[in-house]
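This briefing sets out the fold, the strand pairing and some surface features of one protein chain. Please look over the sequence and the structure before reading on.

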Amino acid sequence: NGVLLRGTVTLDHDPGAVGDVLYLDEQQVSSAYGAATSGAPAGNGDIVRVIGYCLDASNGEIWFDPDKTFVEVTA
């Protein structure tokens, strides 16, 4: 138990290819929002924020280091 502010973590899913920039997904996945994904949110009003980078595509390992800035999509 604890809070990760920055570091390596293994997810329960593969968020993308090695080196991909990762974002929080705005879609509901397995009854939860906010899964890591390599696709940036693109809907009107969505918030785009980089949360880290994919280190190992087959094991779900990522470097978690959320950017301090974000952008709201206007479509």
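The points below go from the whole chain to the sheet, and then to single residues.

The model is predicted. The chain holds 9 strands and 0 helices. An open sheet of 5 antiparallel strands, a nonpolar surface patch and 1 salt bridge are the main topics.

**Overall dimensions and content**

- Read along the sequence, the pattern is β-β-β-β-β-β-β-β-β.
- The radius of gyration is 12 Å, which agrees with the value near 11 Å for a compact globule of 75 residues.
- Along its principal axes, the C-alpha trace spans about 35 × 25 × 25 Å.
- Of the 75 residues, 25% count as buried.
- The chain has an accessible surface of about 5,000 Å², and carbon and sulfur atoms account for 51% of that area.
- Taking contacts between residues at least 6 apart in sequence, 55% join residues that are at least 24 apart.

**The open sheet**

- Strands pair in a sheet through backbone hydrogen bonds, in either a parallel or an antiparallel sense.
- Here the order of the 5 strands is β1-β8-β7-β2-β5, with antiparallel pairing.
- β1 (7-10) and β5 (36-37) each have a single partner strand, so they stand at the edges and one side of each is left without a neighbour in the sheet.
- β7 pairs with strand β8 (residues 61-64) over 4 bridges, in the antiparallel sense.
- β7 also pairs with strand β2 (residues 21-24), again antiparallel, over 3 bridges.
- Between β2 and β5, which run antiparallel, there are 2 bridges.

**Residues facing each other across the strands**

- Y53 belongs to strand β7 (residues 50-56). Opposite Y53 stands W63 in β8, and V21 also stands opposite Y53.
- G52 has F64 in β8 as a bridge partner, and G52 in β7 is the bridge partner of L22.
- Y23 stands opposite T37, a residue of β5.
- The hairpin of β7 and β8 has 4 residues between its strands, and G60 in this hairpin takes a positive phi near 70 degrees.

**Nonpolar surface patch**

- Which residues make the nonpolar surface patch? Y53, L55 and W63 make the patch, and its area is about 270 Å².
- Y53 has a relative accessibility of 38%, so Y53 counts as partly exposed. This is above the 30% that a patch residue must exceed.
- Two of the patch residues, Y53 and W63, thus stand opposite each other, with W63 in β8.

**Salt bridge**

- Side chains of opposite charge can pair when their charged atoms come close.
- The count of salt bridges is 1. The side chains of K68 and D65 meet in a salt bridge, at 3.9 Å from N to O.
- This pair qualifies because the limit for a side-chain nitrogen and a carboxyl oxygen is within 4 Å.
- K68 has a relative accessible area of 67% and is therefore exposed.
- D65 has a relative accessible area of 26% and is therefore partly exposed.

**L5, before the sheet**

- L5 is found in the segment before β1.
- Is L5 buried or exposed? L5 is exposed, as its relative accessible area is 68%.
- Apart from its neighbours within four places in sequence, L5 is in contact with F64 and P66.
- F64 is also the bridge partner of G52.
- L5 and V73 are 68 residues apart along the chain, and 25 Å separates their C-alpha atoms.

**A40, in a loop**

- A40 lies in the loop between β5 and β6 (47-48).
- A40 has a relative accessible area of 41%, so A40 is partly exposed.
- Which residues is A40 in contact with, leaving aside neighbours within four places in sequence? The contacts of A40 are Y23 and V48.
- Y23 also stands opposite T37 in β5.
- A40 and W63 are 23 residues apart along the chain, with their C-alpha atoms separated by 17 Å.

Terms used: Residues are numbered from 1 along each chain as its sequence is written. This is a predicted model: local features need pLDDT of at least 70, side-chain atom pairs count only at pLDDT 80 or more; totals for chains, interfaces and linings use all residues. Side-chain values use heavy atoms; hydrogens and water are left out. Patches are made of residues with over 30% relative accessible area and no salt bridge: like charges are joined within 9 Å, nonpolar side chains (Val, Leu, Ile, Met, Phe, Trp, Tyr) within 5 Å. Accessible areas come from the Shrake-Rupley method with a 1.4 Å probe; for residues, only the protein chains shown count as cover. Buried means under 20% relative accessible area, exposed over 50%, partly exposed in between (1.4 Å probe, protein chains only). The radius of gyration is taken over C-alpha atoms; the globule rule is 2.2 Å times the number of residues to the power 0.38. Contact means heavy atoms within 4.5 Å. Two strands pair if DSSP finds at least two bridges between them.
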